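Subject: Structure for your review

Hello,

Please find the structure below, with the sequence. My notes on what was found in it follow.

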Amino acid sequence: MEIRIGELAQRTGCEVVTIRYYEKEGLLPEPARSRGNYRLYGEEQVKRMQFIRHCRSLDMSLGEIRTLLNLWDSPTQDCGKVNALLDDHIRQVEARVEALLQLRLHLTALREKCAGARPVEACGILQGLVNCSCHTVSTRDEASAGV
């Protein structure tokens, strides 16, 4: 099976420009070329592109994907490195979740500073943004926010 880049894009749900970018980054190998110099892809490139897309949907970086692809290309290696990479990615996600919970806490504290319609000059939200008071949340507030 040989398909052109447009069909690869269609089969994998990816933009043509993204496929070219992944080639440039070395995630996809240089494709074969037709007599007319069109890129030609096979089933292996389809699988590889689906693998990359799935990794990206899990918010993995290109570096992480490159590492996983290198491991995938060496099937006799121990998968401990794969486990370690995923464990590290999970820790990064947990840190981002914690940061987002803190952000929600600060935004909620800021939102509570203005309950209704009033002149902008008296807006508690704008005043809170000026004096950074949304960042001084008590531990009682953190407990009620589930942090």
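D88 has a relative accessible area of 34%, so D88 counts as partly exposed. Its side chain forms a salt bridge with R91, and the closest N and O atoms of that pair are 3.9 Å apart. R91 is partly exposed as well, at 49% relative accessibility. Both residues sit in helix α5, which covers residues 80-111, and because they are 3 residues apart there, about one helical turn separates them. Please keep in mind throughout that this is a predicted model.

Salt bridges

Side chains of opposite charge can pair when their charged atoms come close. The count for this model comes to 8 salt bridges. Besides the pair in α5, two others are described here.

K47 pairs with E44, with 3.9 Å between the closest N and O atoms. The two residues belong to helix α3 (residues 43-57) and are 3 residues apart, about one turn of the helix. K47 has a relative accessible area of 41% and is therefore partly exposed.

The other pair is E25 with R66, whose side chains meet in a salt bridge at 3.5 Å, N to O. E25 is in the loop between α2 and β1 (32-33), while R66 is in helix α4, so this pair ties together parts of the chain that are 41 residues apart in sequence. E25 is partly exposed, at 28% relative accessibility. R66 also counts as partly exposed, with a relative accessibility of 28%.

A buried charge without a partner

What is the nearest side chain of opposite charge to E64, and how far away is it? The answer is R56, at 6.9 Å. A salt bridge needs a side-chain nitrogen of Lys or Arg within 4 Å of a carboxyl oxygen of Asp or Glu, and E64 has no salt bridge although it is buried. E64 lies in helix α4, which spans residues 62-72. Leaving aside neighbours within four places in sequence, E64 is in contact with D59, L85, H89 and Q92.

One of those contacts, H89, can be followed from its own side. H89 is located in helix α5. With a relative accessibility of 5%, H89 counts as buried. Not counting residues up to four places away in sequence, H89 touches L58, D59, M60 and E64. D59 thus appears among the contacts of E64 and among those of H89.

Two residues with positive phi

Most residues other than glycine have a negative phi. D59 is not a glycine, yet it has a positive phi of about 65°. D59 is placed in the loop between α3 and α4. Its relative accessible area is 39%, which means that D59 is partly exposed.

N37 is likewise not a glycine and has a positive phi, of about 70°. This residue lies in the loop between β1 and β2 (39-40). N37 is exposed, at a relative accessible area of 51%.

Helices α1 and α2

How do α1 and α2 lie relative to each other, parallel or perpendicular? Helix α1 (residues 5-12) packs against helix α2 (residues 16-24) at an angle of about 100°, and their axes are 9 Å apart. The two helices are therefore roughly perpendicular. On the α1 side the contact is made by I5, G6, L8 and A9, and on the α2 side by V16, I19 and R20. By type, these residues divide into 5 nonpolar, 1 polar and 1 charged.

M49

M49 has its place in helix α3. It is buried, with a relative accessibility of 0%. Apart from neighbours within four places in sequence, the residues in contact with M49 are L8, T12, C14, I19, Y22 and L28. Two of these, L8 and I19, also take part in the contact between α1 and α2. By contrast, V97 is 48 residues from M49 along the chain, and the C-alpha atoms of the two are separated by 28 Å.

If you look at one place on screen, I suggest E64, which is buried and has no salt bridge.

Regards

Technical notes
Residues numbered from 1 in each chain as written. Predicted model: local features only at pLDDT ≥ 70, side-chain atom pairs only at ≥ 80, totals over all residues. Heavy atoms only, no water. Axes fitted to C-alpha atoms, helices over the stretch in contact; angles between N-to-C directions. Helix = DSSP H or I, 4+ residues; strand = E, 2+ residues; numbered from the N terminus. Parallel < 35°, antiparallel > 145°, perpendicular 65-115°, else oblique. Contact = heavy atoms within 4.5 Å. Nonpolar A, V, L, I, M, F, W, Y, C, P; charged D, E, K, R; others polar. Buried < 20%, exposed > 50% of the residue type's maximum accessible area, 1.4 Å probe, protein only. Lys, Arg positive; Asp, Glu negative; His and termini not counted.
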